[in-house]
Amino acid sequence: MKLLFFFEILLVSSGQLWGQKLHVPGDTIRCDSASYICESHVFSLAMTYRNMNFTDTTKVLYYDDGSKVPYYEEYIFIVEGWSEIEEWIKTELFTPEEYDLVKGIRKSFRMCVYSDNEGKTIGVVFELFRNDPVFARIDANRLFALEKKLKAIVRLKTPPKEKKLKNYSYLIPIQYSVWK
């Protein structure tokens, strides 16, 4: 009987760890400013959070005239503001308890950033593991704050010859294992 009671307590507490719901693919996370859809890939441990208002999420590069960029063409870009974003996530987005929970663990998440041909960020898709201790339970207000901060800080410095491209997509990985 005591064992049955223990398992009931364990089941109830595991579903609502830290008072926040564990997000599963198909969930819509809402706040006053934005709504995010939680999506998953087939047979994958990864999931993505995408702002429902941002729909241009192709990873294919196009020229201004509409033609597709060949896969063998290489372009070199400089991302400005990367370290500022990582520091902001550590100090302002995460609570001290969340930071202590993730620092040093072998997990990461990445932000797929979409920019226009001027280098201005137009959208972000967050990609993470389903068992991420913080982002798998994050609320929409904090996701929106991160997206807003990314749009304000991160710029893609594009050389003049790349101005003929329409939109860019690039990844910003954040690795918890290097945090001290």
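Where does Ala 34 sit relative to β1 and β2? In this predicted model, the place of Ala 34 is in the loop between β1 (28–30) and β2. Despite that loop position, Ala 34 counts as buried, with 5% relative accessibility. Asn 51 lies 17 residues away from Ala 34 in sequence, yet the two C-alpha atoms are 6.8 Å apart in space.

Stepping back to the overall fold, the protein has four helices and eight strands. Read from the N terminus, the order of elements is α-β-β-β-β-α-α-β-β-α-β-β. The chain has 180 residues, and 38% of them count as buried. Taking the contacts with a separation of 6 or more, 70% are between residues 24 or more positions apart. The exposed surface comes to about 11,000 Å², with carbon and sulfur atoms supplying 58% of it.

How far can the coordinates be trusted? The mean pLDDT is 75, and 73% of the residues reach 70 or more. Confidence peaks in α3, at a mean of 89, and bottoms out in helix α1 (residues 2–15), at 41. The pLDDT stays below 50 over residues 2–19, a stretch that has seven contacts in the model beyond near neighbours in sequence. Where pLDDT is low, the predicted coordinates should not be read in detail.

Now for the interior. The largest nonpolar core counts 39 residues, and those with the most contacts inside it are Ile 89, Phe 94, Met 111, Phe 126, Phe 135, Leu 146 and Leu 150. At least two core residues come from each of β2 (35–40), β3 (46–51), α2 (82–93), α3 (96–102), β5 (108–116), β6 (121–129), α4 (140–153) and β8 (167–175). Helix α4 gives the largest share, five residues. Met 111 is a good place to see how these pieces meet. Leaving aside residues up to four places away in sequence, Met 111 touches Ile 85, Ile 89, Val 124, Val 125, Phe 126, Leu 146, Leu 150, Tyr 170, Leu 171, Ile 172 and Ile 174.

Two of those Met 111 partners, Ile 85 and Ile 89, turn up again among the buried residues of α2, which are Ile 85, Glu 86, Trp 88, Ile 89 and Leu 93. Around the helix axis they cover an arc of only 160 degrees, so they lie on the same side of α2. The cover over these buried residues includes α3, β5, α4 and β8.

Charged pairs come next. Side chains of opposite charge can pair when their charged atoms come close. Seven salt bridges are counted in the model. One of them joins Glu 39 to Arg 50, with the closest N and O atoms 3.1 Å apart. Glu 39 belongs to strand β2 and Arg 50 to strand β3, so this pair ties together parts that are eleven residues apart in sequence. The two ends are not equally covered: Glu 39 counts as partly exposed at 29% relative accessibility, whereas Arg 50, at 17%, counts as buried.

A salt bridge also links Glu 98 and Arg 142, with an N to O distance of 2.5 Å. Since Glu 98 lies in helix α3 and Arg 142 in helix α4, the pair ties together parts that are 44 residues apart in sequence. Both Glu 98 and Arg 142 are buried. Within helix α4, Glu 147 and Lys 151 make a further bridge, their closest N and O atoms being 3.5 Å apart. These two residues are four apart in the helix, so about one helical turn separates them. Glu 147 is buried, with a relative accessible area of 2%, while Lys 151 counts as partly exposed at 36%.

The Glu 98–Arg 142 pair leads on to one more loop residue. Val 134, in the loop between β6 and α4, touches both Glu 98 and Arg 142, along with Phe 94 and Val 102, not counting residues up to four places away in sequence. Val 134 is buried, with a relative accessible area of 3%. The C-alpha atoms of Val 134 and Leu 101 are 8.3 Å apart in space, although 33 residues separate the two in sequence. Like Ala 34, which is buried at 5%, Val 134 is thus a buried residue, at 3%, placed in a loop.

Technical notes:
Residues numbered from 1 in each chain as written. Predicted model: local features only at pLDDT ≥ 70, side-chain atom pairs only at ≥ 80, totals over all residues. Heavy atoms only, no water. Core = buried A, V, L, I, M, F, W, Y, C linked by side-chain atoms within 4.5 Å. Buried < 20%, exposed > 50% of the residue type's maximum accessible area, 1.4 Å probe, protein only. Contact = heavy atoms within 4.5 Å. pLDDT = per-residue confidence, 0-100. Arc of directions from axis to C-beta. Areas by Shrake-Rupley, 256 points an atom, 1.4 Å probe, with all protein chains shown as cover. Salt bridge = Lys/Arg side-chain N within 4 Å of Asp/Glu carboxyl O.
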